[in-house]
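Open the model in your viewer and keep the selection panel at hand. The stops below say what to select next and what is there.

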Amino acid sequence: MTVDTLVQAMEELAPTRRAEPWDNVGLLTGDPQQPLTHILLTIDYTAQVAAEATTLGCDAVIAYHPVIFDPIKKLTAGHLVFDAIRRGIAIYSPHTALDLADGGTNDVLADALGLENRRPLSLRKAPLVPWHYKLITFVPDDSLEKVAAALSDAGAGCIGNYSHCTYRSAGAGTFLPHENSHPAIGQVGKLAHVDEIRLETIVPTGRIDAVVQALRQSHPYEQPAFDLIQLGAPPDGTGMGRIGQVQPTDRATLIQRARKALGLNHVLVAGPTTGQVTTAACAAGSCGPLFKDAIAQNAQLYLTGELKHHDALKAAAAGLTVVCVLHSNSERATLQRLCERLAPLLPGVQLTLSHADRDPFIIA
């Protein structure tokens, strides 16, 4: 078993492609080919957690929050990342990839509330797909098959298990050859009207140069016209937070249920503390602003990590009960669930929940 096995397992449970674009997820330190025997799971990779990992002989740590987030300009002895690399400890961070994943951070919070018929509280916008572009060009009919074949041979037109995928539609093109041009069709100084075929296909980013070169070499025109358009992925139904129904429950009872499920003695509450809840929402971490989505979707209670003072006032004025459990307290319960889900994917690897990991705030 190697660290790469851990990476593959985490990709299965929380695909990094679904992480927020501003995030830094995946394997952040370590050698993918390093042997893997013992993993420590934590929310934050602090000095105390690093010492715990060393004492336990761990060769990898799953730290929910990225240990590398902002650019690092200096890496010397004493820095947590430097010491992890020196000690051969690989660090993997799932962060928002786990938040959006089925069975991930937000589903654990939803379970704490007992949400039924749950769905994302805030749907994720369709992201751009940096590895795929659409190529559109315009070809005279008698050269169509030659150009299409050249593009496919250069790596265009692959969709899943299919190759040579194109779309073709007939139309008319115009152009006016100027002096010093050498048109394959038409004459210098005269507007040409040519029956052409609009040819569309898909191009992976890594094959753009080869495909464009093949287009220029196979196309009969001196200056072939073409468009390269970066594609967006279709919405996949994922998103931040969760909202759903609960059996009619008094607010105080639901708050107690969530507190018990998360193993907390105290929580912060703003807004009404009595009255029934039938629709509730949740979002882990610093997702306080999503209280507006909760209100818009008629939730009576919103469970999250932290909320700004003035947002708490707005939520309370709208009749929404907000339950704040502190940032990492809203995320920590997911570690046990992640441990249980990883175990069958990493047979023979010991998985340990950190005892040194805790929220930086306490109630004194």
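Start with helix 5 and select Thr105, Asn106, Asp107, Val108, Leu109, Ala110, Ala112 and Leu113, which are buried. The model is a predicted one. Helix 5 covers residues 105–113, and eight of its nine residues are buried, so the helix is mostly covered. Directly after helix 5 comes Gly114, with a positive phi near 75°.

**Leu113**

Now select Leu113 alone, still in helix 5. Is Leu113 buried or exposed? Its relative accessibility is 1%, so Leu113 counts as buried. Show what surrounds Leu113: leaving aside neighbours within four places in sequence, its contacts are Val246, Leu254, Arg257, Ala258, Ala280, Ala281, Cys282, Leu301 and Leu303. To see how the chain returns to this place, draw a distance from Leu113 to Gln256. These two residues are 143 residues apart along the chain, and their C-alpha atoms are separated by 9.6 Å.

**Helix 5 against helix 11**

Add helix 11, residues 329–342, to the view. The axes of helix 5 and helix 11 come within 8 Å and cross at roughly 100°. The two helices are therefore roughly perpendicular to each other. On the helix 5 side, select Thr105, Val108, Leu109 and Asp111; on the helix 11 side, select Ser330, Glu331, Ala333, Thr334 and Arg337. Together these residues make the contact. Coloured by type, the residues of this contact divide into three nonpolar, three polar and three charged.

**Helix 1 against helix 11**

Keep helix 11 and bring in helix 1, residues 3–13. What is the angle between the axes of helix 1 and helix 11? The axes cross at roughly 115° and come within 11 Å. That makes helix 1 roughly perpendicular to helix 11. The crossing is right-handed. Select Ala9, Met10 and Leu13 in helix 1, then Leu338, Arg341 and Leu342 in helix 11, where the two helices meet. The residues of this contact divide into five nonpolar, no polar and one charged.

**The largest nonpolar core**

Next select Leu6, Ile39, Leu41, Ile62, Leu338 and Leu342. These are the residues with the most contacts inside the largest nonpolar core, which has 28 residues. At least two residues of this core come from each of helix 1, strand 2 (38–42), strand 3 (60–63), strand 4 (90–93), helix 4 (95–100) and helix 11. Which element supplies the largest share of this core? Helix 1 does, with six residues. As background, nonpolar side chains tend to be buried together in soluble globular proteins.

Centre the view on Leu6. Setting aside neighbours within four places in sequence, Leu6 is in contact with Leu36, Ile39, Ala60, Ile62, Tyr92 and Leu346. Apart from the largest core lies another, of 19 residues; Leu109, Val246, Ala280 and Leu301 are among them.

**Helix 6 and Cys158**

Move to helix 6, residues 144–153, and select Leu144, Val147, Ala148, Ala150, Leu151 and Ser152, which are buried. Just after helix 6 is Gly155, with a positive phi of about 115°.

Go on to Cys158, in the loop between helix 6 and strand 8 (166–175). Cys158 has 37% relative accessibility and so counts as partly exposed. Not counting residues up to four places away in sequence, Cys158 touches His132, Ser163 and Ile202. Draw a distance from Cys158 to Val203: they are 45 residues apart in sequence and 7.7 Å apart in space, C-alpha to C-alpha.

**Two asparagines with positive phi**

Most residues other than glycine have a negative phi. The last two stops have a positive value.

Select Asn180, in the loop between strand 8 and strand 9 (192–204). Its phi is near 75°, a positive value in a residue other than glycine. Asn180 is exposed, with a relative accessible area of 67%.

Where is Asn298 found? Look in the loop between helix 9 (291–296) and strand 15 (301–304). Phi of Asn298 is also positive, near 65°. With 56% relative accessibility, Asn298 counts as exposed.

Methods: Residues numbered from 1 in each chain as written. Predicted model: local features only at pLDDT ≥ 70, side-chain atom pairs only at ≥ 80, totals over all residues. Heavy atoms only, no water. Core = buried A, V, L, I, M, F, W, Y, C linked by side-chain atoms within 4.5 Å. Buried < 20%, exposed > 50% of the residue type's maximum accessible area, 1.4 Å probe, protein only. Helix = DSSP H or I, 4+ residues; strand = E, 2+ residues; numbered from the N terminus. Contact = heavy atoms within 4.5 Å. Axes fitted to C-alpha atoms, helices over the stretch in contact; angles between N-to-C directions. Parallel < 35°, antiparallel > 145°, perpendicular 65-115°, else oblique. Left-handed = near helix turned anticlockwise from the far one by under 90°. Nonpolar A, V, L, I, M, F, W, Y, C, P; charged D, E, K, R; others polar.
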